[in-house]
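Please open the structure in your viewer and keep the sequence panel visible. The tour below proceeds by selection, one stop after another.

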Amino acid sequence: MLIKKLIIREDEKGNFHGHRPEVVEKVIKEVLNLFRLPLYDEAAEKAKQWALYTSRAPLPEPVGEVWEVCHTITADGPDNPDTRITVTTTFIRDGRESRPVMGESVGDEAPKAAVHRLVKLNFYNILINDSIAKDLNIEEAPWGILHGVRPTKIVHHALDRGDSRESVIDMLRRDYGAGEEKSVMITDLAIRQRPFLAQTDEKTVSIYVGIPFCLTRCLYCSFPAYILPGRDGLRKFWQAMTADMKAAKEAVEKYGFTVQNVYIGGGTPTALPNDMFEQLLAAVETNFITDKTIEFTVEAGRPDSMSLEKIGSMSRHGVNRVSVNPQTMQIKTLRRIGRRHTPKDIAAMYHLLRGLGDFSINMDLIIGLPGETAAEVTDTMAQLEPLKPDDITVHALALKRGSRLAMHIEDYELPDDEEAQKMFAVARDTIEGWGLRPYYLYRQGYQRGELENVGFCRPGAESMYNIQIMEERQTIIGIGGAATTKVVDPATGVMKACFNAKELSVYLERIEGYTQRRADFLAAAYNI
């Protein structure tokens with residue numbers, strides 16, 4: 001079924017607190033995309049026709065339905081601090097009109113946010129429940145209209161107000177249309193995070209160090225990572241990193257920060273040569289590690305980047321958490337996605353880390369890789385079980401712009417949404433059968449099966465950094481190429497971010513500007 005034309009209408013009195021019709025249209029299209037409802041694209045159709053015909057032949061009229069979404073917005077008044085927003089939505093489908101659906105804002109919801117949520121929720125509920133949409137056979141989406149990266153932030157906000165577990169679950173079901181399973185999962189996960197979040201205050205921070213280099217670029221990757229350069233390129237990078245670290249250390253000392261966690265990510269930090277990797281860890285330890293630092297993580301990534309010397313460096317400089325990222329234990333898939341190692345190499349790397357250092361070991365898996373089904377996931381889990389990792393993050397494949405996979409999607413056979421959900425269930429059930437529990441979660445756009453990324457761990461192995469980076473309640477100082485600094489204002493709790501350049505050459509050339517911008521962000525939040 002094709003939607004030939006989508007019309008968005010609103011009451012003339014509905015323009016409230018900067019509400020814009022084009023934003024509402026975007027919100028409505030999010031629901032259409034959620035349910036895979038195709039909207040006729042006139043520009044794309046014209047381009048296709050132009051390619052087919054050399055003359056300006058008249059375009060055929062598209063065959064499909066005309067959909068009209070109408071909403072009326074009312075409010076108590078802009079000067080009322082407790083303004084109540086009401087949105088009433090009706091849906092007209094080829095001349096047939098739905099029953100009006102009305103929704104009201106809740107709690108201290110901002111007016112703009114309330115309008116967008118209610119327009120989206122009302123339309124979502126109409127498509128699921130109204131008789132004029134019955135033949136579309138649309139079922140409740142697992143996440144409802146929860147579209148953001150960090151759905152647990154909504155739960156924490158409710159828990160901060162003192163809401164009970166049951167009322168939070170009810171709120172997610174009622175106000176966001178989330179399914180029972182997801183509502184229970186993120187509520188219980190957020191409750192599990194609360195003691196960890198309580199271990200921070202306005203002067204407790206984390207440090208992220210970004211190393212934007214890899215040995216090869218994986219098929220699905222869109223991260224700002226570069227193939228490892230030669231010695232001259234590495235020398236220039238290290239000069240910029242030294243200046244970046246020096247400025248960050250000065251900020252830590254100036255504000256009296258306590259560094260709770262340090263995370264060296266990328267890219268693949270262990271792609272660096274042995275001597276530069278040693279130099280990096282020594283500098284990080286000297287500048288940021290104290291007896292109050294809880295967690296020092298290195299993303300080791302892949303076996304072809306690891307060495308005995310690097311394991312020794314990590315042990316000497318106090319690294320206590322290492323991330324090993326097999327993604328899959330299927331040799332055909334590893335070759336398909338551009339990795340040179342084998343499943344045996346992954347196991348060998350894991351045993352070396354266990355034997356030569358005292359590390360908590362995380363492993364990353366990706367569900368939905370090309371050519372895989374639930375059977376391959378079952379085999380991958382069987383190979384990982386004897387390793388007994390402390391922490392596993394299960395990612396649902398996200399088709400990201402800029403990745404080779406997204407640019408050449410027609411060349412690869414990807415599991416459909418139903419199969420991806422089966423694959424995820426196999427991984428989740430197996431991991432929970434090992435006694436690991438979910439402790440952090442985030443979502444991305446264009447994930448297979450409308451799924452999520454979930455971190456599971458054995459009790460006591462929770463990554464404090466993973467919790468802090470997702471819940472955005474702690475200032476995190478970013479150092480290195482493409483690193484992000486997130487500054488949480490201690491007075492308001494509002495997080496603002498500034499970014500180092502993704503383009504490596506720009507980062508190297510303008511390092512002073514990026515360190516100054518970070519300093520300005522910190523000064524604005526901490527009033528110095």
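The stops that follow concern a pair of helices, two nonpolar cores and two buried residues in a predicted model.

**First stop: two helices that cross**

Select residues 165-176, which form helix α5, together with residues 180-197, which form helix α6. The axes of the two helices come within 9 Å and cross at roughly 135 degrees. Angles over 145 degrees would count as roughly antiparallel; α5 and α6 are therefore oblique to each other. Their crossing is right-handed.

Now display the side chains at the contact. On the α5 side, select Arg165, Val168, Ile169, Leu172 and Arg173. On the α6 side, select Glu180, Ser183, Val184, Ile186, Thr187, Asp188 and Ile191. Coloured by class, this contact shows six nonpolar, two polar and four charged residues.

**Second stop: a buried residue of α6**

Remain on helix α6 and select Gln193. Is Gln193 buried or exposed? Its relative accessibility is 0%, so Gln193 counts as buried. Not counting residues up to four places away in sequence, Gln193 touches His156, Tyr439, Tyr440, Ile467 and Glu471.

**Third stop: the largest nonpolar core**

Next, select Trp67, Leu127, Met241, Leu280, Phe288 and Met314. These residues have the most contacts inside the largest nonpolar core, which has 120 residues. Which helix gives the most to this core? It is helix α7, residues 231-255, with ten residues.

Centre the view on Met314 and show its surroundings. Leaving aside neighbours within four places in sequence, Met314 is in contact with Phe277, Leu281, Val298, Met306, Val319, Val322, Leu353 and Phe359.

Apart from the largest core lies another, of 16 residues. To find this other core, select Tyr439, Cys457, Met470 and Ile476, which are among its members. Tyr439 was met earlier, as one of the residues touched by Gln193.

**Final stop: a buried arginine in a loop**

Finally, select Arg443, in the loop between strand β14 (437-442) and strand β15 (453-457). With a relative accessible area of 7%, Arg443 is buried. Which residues does Arg443 touch, not counting those up to four places away in sequence? They are Trp143, Leu146, Gly148, Val149, Pro151, Glu450, Leu451 and Glu452.

To end, add Pro111 to the selection and compare its place with that of Arg443. The two residues are 332 residues apart in sequence, and their C-alpha atoms are 25 Å apart in space.

Conventions. Residues numbered from 1 in each chain as written. Predicted model: local features only at pLDDT ≥ 70, side-chain atom pairs only at ≥ 80, totals over all residues. Heavy atoms only, no water. Axes fitted to C-alpha atoms, helices over the stretch in contact; angles between N-to-C directions. Helix = DSSP H or I, 4+ residues; strand = E, 2+ residues; numbered from the N terminus. Parallel < 35°, antiparallel > 145°, perpendicular 65-115°, else oblique. Left-handed = near helix turned anticlockwise from the far one by under 90°. Contact = heavy atoms within 4.5 Å. Nonpolar A, V, L, I, M, F, W, Y, C, P; charged D, E, K, R; others polar. Core = buried A, V, L, I, M, F, W, Y, C linked by side-chain atoms within 4.5 Å. Buried < 20%, exposed > 50% of the residue type's maximum accessible area, 1.4 Å probe, protein only.
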